[in-house]
Amino acid sequence: MKDERETVGEALIRLLAEARTEVCFGIPGVHTLELFRGLRPRGVRHVLNRSEQGAVFAADGYARTTGRVGVALLISGPGVTNAATAIAQAYHDSIPLLIISTVVPDAELARRWGSLHELPDQRATMASLTAFSEHVDDAERLPDVLARAYRRFSFERPRPVHIELPVDLLSRPAPPLSFRPPEGERPRPDEAVVEEAAARLASAARPKILIGGGAIDAGPQVRRLAERIGAPVAASLNAKGAVPDEHPLSLGTTLPATAAIEALAEADVLLAVGTEFSPVDSYYSEVKLEPRGELIRIDLDASQLELPFPASIAMRGDASTTLERLDQALGRLAATPRADGVAAATAIREAVRWWPRAQPLMPLVDAIGSALPEDAVVACDSTQLAYIGQNAWPGRHPRSWMVPAGLGTLGPALPLAIGGAVGRPGATAFCVIGDGGLLFSIGEMAAAASLGLPVVMLLWNNDGYEEMRDEMDALGIPHVGTDAGAKDYGALAAGFGWSSFRPRSLEEVVSTLGRCAAPSRPALIELTPELLG
């Protein structure tokens, strides 16, 4: 008689459903079928990508746009290694991902005889890319391991977590298991420290605020505090939109510009919230941000409070809660805004206009920026157009920009946009990518089409790796390995079921974007250097 009890694979999916997982990403494989058995019965939607790397990038995009945990199901061996780059990117940008994979059965691993999908030590391979990587060979341990993962996501700096289960464990009958909601709380700085920080800010003559990805959900608190003391606010790429660009104290994401960097550096008190001062944010500037005044830090990660610059006052805590307490302390001090705060922010924005490296592309960047819908979700790749646009285009809302600049790989924008479209139904997801980067993840065009997602690709086609050609020219190196384009992107788009457009003028770029504001199927807009004259 068949055992009708729930299998371990089914039980794991049920635990994820109890953790409020609504969507998971991945590709079924012979080693994960028992996980897929439990998806439909538990009402968990599965999004089929075209590679494991694409699946994890899409889970990343889902997490960035929703603030929820992105979940990916991977087969052992090549599924894990295919996804390694996307997992590393999520680690770099502090994205909460739960990576569930299978692994070769323990008995076969012990023999080391080359089983299907065998790696020498899969758990250890993943450990270097995640907050932790756990091998679970006893189903009774699943609730504890998941509780540890969700404690990390809820109360600490979020980063990917990997859990692997032997293939043969998944089909065994499961013991009684239930998800345990994470217990704990985020750290809170001492009240005396908050009061001291408030006193420093209240007495500052030239206060400034810098926010990073850790403050993406703290926009209202940042605005209130900035308005109370009259402090201009700059944002890293991962904080784009937390404080809308149109706010009179906002400097936007202008850190590549020397004027913005110098303005922060010369602050007599700089409040840095949820940022690691990554050099990526000022990568193309001739100067780097080095605060010369007092530095006040707020961060959930204790290791960041003294790096790379020592803080005058360090407060470990959640950005929203700590800023709220800091604002209340400033209220008790009857702090008043600096009269020149808005004027200082305006002067800095005027001085940026944009930094010299951006100038050749600015007509196209401006045309696109004028036509992006208010509620757009935008994913940027490693390409010249995105390098400029991600800083210059208006940031109006939090969690609407996906800029995986940290690791800096090619190809993530398209699957990120897919995840963003899944996470933000009703919004159009724009993918800004170069022709070289697209060829890294072109299979995901099939995924977007089959899912019927409103994804619009802005394809910057400069016939290969133009930036590498420029760098080789600067160094006196002959062009080698830089011609990486394809012959006909319109034909490729048609083959994947996308509509396609190739504007011949900047005016056509704007009108085409208007036509694609809410596409009935994915659309490719091919942009070429000829548009710049």
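Good morning, colleagues. I begin with the second largest pocket, whose volume comes to about 580 Å³. I should state early that this is a predicted model.

Thirty-one is the count to keep in mind for the lining: the second largest pocket is lined by 31 residues, and those nearest its centre are Y284, S382, T383, Y387 and E467. Three elements each give two or more residues to that lining, namely α15 (384-392), α17 (435-438) and α19 (466-475). Of the elements, α15 supplies the largest share, with four residues. In terms of class, the lining of this pocket has 14 nonpolar, twelve polar and five charged residues.

I turn now to the enclosed spaces. How many cavities of 30 Å³ or more does the structure hold? There are two cavities at or above that volume.

The largest cavity has a volume of about 80 Å³. Its lining consists of L372, P373, E374, A376 and V378, together with P394, R396, H397, S400 and W401. Sorted by class, the lining of the largest cavity has six nonpolar, two polar and two charged residues.

For the second largest cavity, the volume is about 40 Å³. Which residues line the second largest cavity? They are A235, K240, G241, V243, D245, S250, G252 and T253. By class, two residues in the lining of this second cavity are nonpolar, four are polar and two are charged.

To close, I return to the pocket: Y284, S382, T383, Y387 and E467 are the lining residues nearest its centre, and α15 gives the largest share of its lining. Thank you for your attention.

Conventions: Residues numbered from 1 in each chain as written. Predicted model: local features only at pLDDT ≥ 70, side-chain atom pairs only at ≥ 80, totals over all residues. Heavy atoms only, no water. 1 Å grid on protein atoms, 1.4 Å probe; cavity = no way out; pocket = protein on both sides within 12 Å on 5 of 7 lines; lining within 4 Å. Points joined across faces, edges and corners; volume = space filled by probe spheres on them. Nonpolar A, V, L, I, M, F, W, Y, C, P; charged D, E, K, R; others polar.
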